[in-house]
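Work through the exercises below with the model open in your viewer. Try each task before you read its solution.

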Amino acid sequence: MLTSYCARLAAANLTTATDLSLDMGVTFQNVIDGAERAIDALAEYSRVPVARLRSAAVVTSGRILNLQGEPLTWQNYSRTRLRFCPGCFRDDDRSKDRMPGTRRYIRRSWALRFLRTCARHQLKMVDLGASPLHPPRNQDFIENLEELYDQVEEAIVSPTARQPSDFEKFLLRRLDGIRCDGELLDELPLELAALVCTLIGVAALHGPKAREEAHDDDQLWEASQTGFEYLAGGVAGMHSFQDLMHRSISAVRCDIGGQKIYGNFYVRLKDRKDPALDRLKCEIHTYAVEVLPLSGDSEVFGRPEVTRYVSEKQLRKEFGHRPGHMRKMAVAMGFLSSSEIDAGAMPRDVAVRISELISDAVLPREAAEMLSVRTVNFNDLRRAGIFSPVLSSGNGVDAHERFSRTAITEFLSGLRSIAVYPSDGLMRPILRACKMTAIRLGDMVALILQGRLSKVGWDADKEGLSAILIDPREASAALAPAGPKKLTITKMKERLKTSNETAYALVRGGYLNSSMERSHAHNHPLRLISQEDADAFEKKYVSFLTAEKDLGISRSTLRKAIKNADLQTAFPLDEVRVSFYVRAELEAAIRVIAGAD
């Protein structure tokens, strides 16, 4: 180092670096700054080539130092602290080609605060702290050695061995101009790379709230190595560090910021405007937005333009619905888990789906108005399976049923395309025809949709279902009994050993075939199941209770067989509340249990 050489040259001439500089026509501060006139003056006085002295200089420009092409701030390259390797000083003392008292000299890398081990001697660097002398004498190496003589000699006698870390080897490679440590590290200047490694390591080892200055040199040595291992892995390594920080957060809100996620690491980098950090910040931002439920209100090195999640503010602004209502409906529909009902954000794809459903949804009363019938008539259509709700209660959320406005409009358009039969004196409005034939509205509409009525007309003076005209005689004839005797819902319920509600649910869901006909015993329409359909259903499916009785096994054994085989119910439990299973699968599961026993 140029200041070290100047101090040693002064000591050889029985003076100080400050006075020698003045004798040469410059100031010692000029030497400290690596000024050209100071280098020229030293070259002339010492007869040492200018190029050799220039290579030993640390050039200062404002608050920035240049060490072998690497810009450094004085905070990270402090020449006013006496840092040295005991092994290097021992080697210096044995050198016979220098005058006694001037043999020891400073290596330029020693002032780099991130370097804590001598790679040559595998010893911990000694840091005696700030010089007790005033500027510029605090950078006079020889004066400092004399002032701290006892501490220096004690450190030389009892050094501490330590292998240099890969991080420290990286520092030395960079000072030699070698860049071979991965895309992220190679793109950063040495000082920033070292700082980022240290901050990452501190956060990884001591938590995101840990501060660098709260740890001693040995802890920082370990932290720097840990951070280096992450960054040397490139983008994937950086993502691994982020994953570690993400796991330390108990709950991630949609508006959480970088400080909450990454702690002091983020705070230290956020306000640094150095363009060299842009790539690293961009990688951190992109990955955080990709894997965390962040919204546009989150700040992680900038706010995201496109996110997978939408905040409450964005829900109101973009979709125009109450966020709480949207979350409630999303949970009811199974788009979100019940634990997310009070969350502040929602996945964007869920928000789009639920917003479309809510915008298109109408209550039964509104649906009845669209069809120009009473609510009781619409409820009959609902029970007949003509309309199914797009929004309803579920997953612990109570919600009024809502139906699709678009589906109702398409339903009416479909009926209008069918109702082309010219009106005659025998045709009646559909509601009047239902009363005359004792056929429910839902069953009458089913006859139309099934193509079982040829005479369907349209009253242009009316709207909705009220405009449909039906020939009551044709409707009655369509439901006249034909073929062998069939089972009513009540009889089918008894056969399945279940309830009317369950039997109707099987029919509504289309799991049990049925038809509307006039029964042999009654002169009004009933929903009937053929013997063939009943036999086919029982052959394929069996309920839990029926299996217990028919197969003669205990309820606990039955449950064990179902659990071990991971059997799922044949029909959704929110539609059919009794557990039915595919008979063949259940019997196979029971055989496995029996064989194991």
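The exercises go from a small sheet to two helices and then to single residues.

**Ground rules.** This is a predicted model: local features need pLDDT of at least 70, side-chain atom pairs count only at pLDDT 80 or more, and totals for chains, interfaces and linings use all residues. Residues are numbered from 1 along each chain as its sequence is written, and side-chain values use heavy atoms, with hydrogens and water left out.

**Exercise 1. Lay out the sheet formed by β1, β2 and β3, and give its strand order.**

Step 1: find the strands. Helices (H or I, at least four residues) and strands (E, at least two) are DSSP runs, numbered from the N terminus. Strand β1 covers residues 59-61, β2 covers 64-67, and β3 covers 70-73.

Step 2: pair them. Two strands pair if DSSP finds at least two bridges between them. β1 and β2 run antiparallel, joined by three bridges. β2 and β3 are also antiparallel, over four bridges.

Step 3: assemble. The order is β1-β2-β3 in an open, antiparallel sheet. β1 and β3 each have a single partner strand, so they stand at the edges, and one side of each is left without a neighbour in the sheet. Neighbouring strands are turned by 30 degrees against each other on average, direction ignored. Here axes are lines fitted to C-alpha atoms, for helices over the stretch in contact, and angles run from 0 to 180 degrees between N-to-C directions.

**Exercise 2. Take strand β2: which residues face the covered side, and which partners do they meet?**

Step 1: recall the pattern. In a regular strand the side chains alternate between the two faces of the sheet.

Step 2: sort the residues. L65 and L67 make up the covered face of β2, I64 and N66 the uncovered one.

Step 3: read off the partners. L65 stands opposite L72 in β3. L67 stands opposite E70. On the other side, I64 is the bridge partner of S61.

**Exercise 3. Inspect the two hairpin turns: which residues take a positive phi?**

Step 1: the hairpin of β1 and β2. Two residues separate the strands, and G62 has a positive phi near 70 degrees.

Step 2: the hairpin of β2 and β3. Again two residues lie between the strands. Q68 in this turn has a positive phi of about 50 degrees, although Q68 is not a glycine.

Step 3: check the exposure of Q68. Buried means under 20% relative accessible area, exposed over 50%, and partly exposed in between (1.4 Å probe, protein chains only). Q68 has 36% relative accessibility, so it counts as partly exposed.

Step 4: compare another non-glycine case. F301, in the loop between α16 (278-291) and β8 (309-311), has a positive phi near 55 degrees. F301 is buried, with a relative accessible area of 16%.

**Exercise 4. Describe the buried residues of helix α21 and what they pack against.**

Step 1: list them. In α21 (residues 375-383), N377, F378, D380 and L381 are buried.

Step 2: place them around the axis. They cover an arc of only 155 degrees, so they are on the same side of α21. The arc is that of the directions from the helix axis to the C-beta atoms.

Step 3: find the packing partners. Contact means heavy atoms within 4.5 Å. The buried residues pack against α20 (364-371), β11 (403-404), α23 (430-437) and α24 (441-449).

Step 4: look past the end. G385 follows α21 and has a positive phi, near 85 degrees.

**Exercise 5. Do the same for helix α4: which residues are buried, and what follows the helix?**

Step 1: in α4 (residues 36-46), the buried residues are A38, I39, A41, L42, A43 and S46.

Step 2: these residues pack against α1 (2-12), α3 (28-33) and α5 (50-56).

Step 3: R47 follows α4, with a positive phi near 65 degrees.

**Exercise 6. Locate S466 and list its contacts.**

Step 1: S466 is in the loop between β13 (456-458) and β14 (468-470).

Step 2: leaving aside neighbours within four places in sequence, S466 contacts L371, S372 and P429.

Step 3: a polar atom of the S466 side chain lies 2.7 Å from the backbone oxygen of S372.

Terms used:
Polar contact = N/O pair within 3.5 Å; in protein donor to acceptor, adjacent residues only side chain to side chain.
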